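Student: Hi! Could we go through the cysteines and the charged pairs in this one together?
Tutor: Sure, pull it up and ask away.
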Amino acid sequence: MEEKNITLNRQASHEYFILEKIEAGIVLDGGEIKSLRLGNCNLKDSFCTLENGEAFIRNMHIAVYEKAGAYNVKDSKRPRKLLLHKDEIVRLRSKVNEKGLTVVPLRLYFKNALVKAELGLCRGKHTYDKKRSLMEKDVAREQQRALKDYR
């Protein structure tokens, strides 16, 4: 199966510890699909909510496709429904309520002809955790540079 990334939420790995990843379908309009094919999407500051047995992505920006005509959705940040099995939604809801976790969209991608969202079950990082992860990244980068120069 061929997967092609549309957009990544780079901020999520900096802000959260990602404990688990889940694949979900997403309900979109035709104009939104065409806009996604052009890469006009942003996951920054987006989040997922679980309400009434359904899951939604909120605050995800998909630019309005200009050539879509009169029946085009004009709201670029409308809530979009996620397609998950009922037992997955129940399991996510129990973990979010019980352990203080949150569900964050990590990336959007095309899987064959369908648009899929990769969700992460996450726990928030403290400031010292963020500093430590940046420091570890810097050390790993320095090691790679040293290995490159050694060869």
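Tutor: Here we talk through disulfides and then salt bridges, keeping in mind that this is a predicted model.

Student: Okay, how many disulfides turn up in the whole structure?
Tutor: Zero.

Student: Why does cysteine 41 not form a bond?
Tutor: Its closest cysteine sulfur belongs to cysteine 48 and sits 12 Å away, which is too far for a bond, since a disulfide needs the sulfurs within 2.5 Å.

Student: And what about cysteine 122, how far is the closest cysteine sulfur?
Tutor: That distance is 9.3 Å, again to cysteine 48, so it is too far for a bond.

Student: Is cysteine 122 buried or exposed?
Tutor: Buried, at 0% relative accessibility. Cysteine 41 is buried too, with a relative accessible area of 13%.

Student: Switching topic: how many salt bridges are there?
Tutor: The search finds 13. One of them pairs lysine 95 with glutamate 20, with the closest N and O atoms 3.3 Å apart.

Student: Nice, which parts does that pair tie together?
Tutor: Lysine 95 is in helix α3 and glutamate 20 is in strand β2, so the link joins parts 75 residues apart in sequence. Lysine 95 is partly exposed at 22%, and glutamate 20 is partly exposed at 23%.

Student: What goes on in helix α4?
Tutor: Arginine 141 and aspartate 138 lie there, three residues apart, about one turn of the helix, and their side chains meet in a salt bridge at 3.1 Å. Glutamate 142 and arginine 145 also form a salt bridge, at 3.0 Å, and are separated by about one helical turn in α4.

Student: Which residues are joined into one network?
Tutor: Glu3, Arg107 and Glu118, through salt bridges that share partners.

Terms used: Residues numbered from 1 in each chain as written. Predicted model: local features only at pLDDT ≥ 70, side-chain atom pairs only at ≥ 80, totals over all residues. Heavy atoms only, no water. Buried < 20%, exposed > 50% of the residue type's maximum accessible area, 1.4 Å probe, protein only. Salt bridge = Lys/Arg side-chain N within 4 Å of Asp/Glu carboxyl O. Helix = DSSP H or I, 4+ residues; strand = E, 2+ residues; numbered from the N terminus.
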